[in-house]
Amino acid sequence: MSFYATVTGLTTVSYLAIGIIVFLKNPKGELYQRFLIFCSSVAFWALGYFMTLLPGISFKVALFSSRASHAVGAFIPITFFHFTLKFLNRHRPYHQKLLVLGYIISAVMFFACLTPLVVRSLFSKMGISYYPEWGPLYPAYASLYIVFALVLSQLEMVRSFFRLHGMHKKRLIFFIVSTAVGFVGGISLFLLI
């Protein structure tokens, strides 16, 4: 198994496990529910990617897996933004409008991902047999990550940074750094495509 397959397989297992472990701490708490939803979207995105990297997989199965992976991945940015708002305890009227808009756009993009509009086809690249070839809507797909995961989420974190003190501020610093590292690593995949 390739390095990439191993990494995406570990991403699948670790995100799902972390999401479930945190959720079980307080299943009725909305923050814990939002975290599980976010972790699940990352885990199932990684699972689809993992499937495309398996040796001996057919082109047809790899194409379906890649499109399904991208479809689930359309919900990563909005579920992260939703979790971030809950984590920061930010409740402004415009947040609700952004969430509704984000979930609608993600749902539309979910269905677009199942067509050649986002992943047109697959081709061999950098030793990977089936790497996605972007379709005409791929820039819109990538923009979801930039708008919701980077710009809006990070903006809310910075706003919260100046109103928090003590342990809450330290927790936020850890959250900012860890999510920035995670999304920078994930966004690097867009550059390869």
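**Figure 1. The largest nonpolar core of this predicted model holds 45 residues.** Start here to get your bearings. Met 109, Val 118 and Tyr 141 are the residues with the most contacts inside this core. Two or more residues come from each of helix 2 (30-53), helix 3 (59-73), helix 4, helix 5 (93-113), strand 1 (119-125), strand 2 (128-134), helix 6 (138-161) and helix 7 (166-192). Helix 2 gives the most to this core, contributing 9 residues.

**Figure 2. A close-up of Met 109 and the residues it touches.** Leaving aside residues up to four places away in sequence, Met 109 touches Ala 74, Val 118, Leu 137, Ala 140, Tyr 141 and Leu 144. Two of these names should look familiar: Val 118 and Tyr 141 are, like Met 109, among the residues with the most contacts inside the largest nonpolar core.

**Figure 3. Thr 79 in helix 4 and its surroundings.** Helix 4 covers residues 76-88, and Thr 79 lies within it. Is Thr 79 buried or exposed? Its relative accessibility is 4%, so Thr 79 counts as buried, the cut-off being under 20%. The side chain of Thr 79 makes a polar contact of 3.3 Å with the side chain of Ser 41. Not counting residues up to four places away in sequence, Thr 79 touches Ile 37, Phe 38, Ser 41 and Tyr 103.

**Figure 4. Ala 142 in helix 6, shown with Pro 77.** Here is a pair to look at across the chain. Ala 142 has its place in helix 6 and counts as buried because its relative accessibility is 13%, with the cut-off at under 20%. Along the chain, Ala 142 and Pro 77 are 65 residues apart, while their C-alpha atoms are separated by 9.7 Å.

**Figure 5. Two buried cysteines, Cys 39 and Cys 113.** How many disulfides does the structure hold? The number is 0. Cys 39 is buried, with a relative accessible area of 1%, and Cys 113 is buried too, at 0%.

**Figure 6. Helix 1, residues 3-25, from end to end.** This last view follows helix 1 along its 23 residues. From its first C-alpha to its last, helix 1 reaches 33 Å, close to the 33 Å expected at 1.5 Å a residue. Which residues of helix 1 are buried? They are Ala 5, Thr 8, Gly 9, Thr 11, Thr 12 and Gly 19. Helix 2 is included in what covers these buried residues.

Key
Residues numbered from 1 in each chain as written. Predicted model: local features only at pLDDT ≥ 70, side-chain atom pairs only at ≥ 80, totals over all residues. Heavy atoms only, no water. Helix = DSSP H or I, 4+ residues; strand = E, 2+ residues; numbered from the N terminus. Buried < 20%, exposed > 50% of the residue type's maximum accessible area, 1.4 Å probe, protein only. Polar contact = N/O pair within 3.5 Å; in protein donor to acceptor, adjacent residues only side chain to side chain. Contact = heavy atoms within 4.5 Å. Core = buried A, V, L, I, M, F, W, Y, C linked by side-chain atoms within 4.5 Å. Disulfide = S-S within 2.5 Å. Expected span 1.5 Å × (residues − 1).
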